[in-house]
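Trainee: I have a new model open and would like to talk it through. Could you help me read it?

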Amino acid sequence: MVKIEKLHHVAIICSDYQKSKKFYTGILGFAIDKEIYREERKSYKLDLSLNGQYLIELFSFPNPPSRPSRPEARGLRHIAFGVSNLSETIDYLKSKRIAVEEVRIDEFTNKQFTFIADPDDLPIEFYEL
């Protein structure tokens, strides 16, 4: 059996590097650990952390193909972040003009959650801890 210790990171390929960089750092509050431009690939690689934990690897590539996300598509479904107060999170996101879906209740835990979309319409869940 593989002994997985923890989730290391999630890799995201974006269509507009500057827009996505601003969203993940300026709106969601991720810190930039390392930013590299790879000339041979015409690609940025941005390592992002939250509360000191490396979580997201943001890539840019010239003309990446679109990935369907709605209706539900095969493959990675979404990224989920735990928050202590969902109402405060929603208020903050709305203040930044981010569209927030209706709050739902997890039928198994009775916890609240909602979704937003990143600049490439990738779903991001906020789940109240």
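Mentor: Happy to; we will take the fold, the sheet and the surface in turn.

Trainee: Which pattern does the chain follow along the sequence?

Mentor: Keep in mind that this is a predicted model. The secondary structure comes to 2 helices and 8 strands. Read from start to end, these elements give β-α-β-β-β-β-α-β-β-β.

Trainee: Why is one side of β1 and of β2 left without a neighbour in the sheet?

Mentor: The open sheet of 4 strands has mixed pairing and the order β1-β4-β3-β2. One side of β1 (10-14) and of β2 (31-38) is free because each has a single partner strand, which puts both at the edges.

Trainee: What is the bridge partner of Ser-49 in β4?

Mentor: Strands pair through backbone hydrogen bonds, either parallel or antiparallel. Here β3 (residues 43-50) and β4 (residues 53-60) run antiparallel, joined by 6 bridges. For Ser-49, the partner in β4 is Tyr-54.

Trainee: Which strands does helix α1 touch?

Mentor: Helix α1 (residues 17-27) packs on this sheet, and its direction makes about 165 degrees with that of β4. The strands that α1 touches are β1, β2, β3 and β4.

Trainee: How far apart do the centres of the positive and negative side chains lie?

Mentor: Start with the surface: its accessible area is about 8900 Å², with 52% belonging to carbon and sulfur atoms. As for charges, the chain has 19 positive and 20 negative side chains. The centres of these two sets lie apart by 4 Å.

Terms used. Residues are numbered from 1 along each chain as its sequence is written. This is a predicted model: local features need pLDDT of at least 70, side-chain atom pairs count only at pLDDT 80 or more; totals for chains, interfaces and linings use all residues. Side-chain values use heavy atoms; hydrogens and water are left out. Accessible areas come from the Shrake-Rupley method with a 1.4 Å probe; for residues, only the protein chains shown count as cover. Lys and Arg count as positive and Asp and Glu as negative; His and the chain ends are not counted. The place of a charge is taken as NZ of Lys, CZ of Arg, CG of Asp or CD of Glu. Two strands pair if DSSP finds at least two bridges between them. Contact means heavy atoms within 4.5 Å. Axes are lines fitted to C-alpha atoms, for helices over the stretch in contact, and angles run from 0 to 180 degrees between N-to-C directions.
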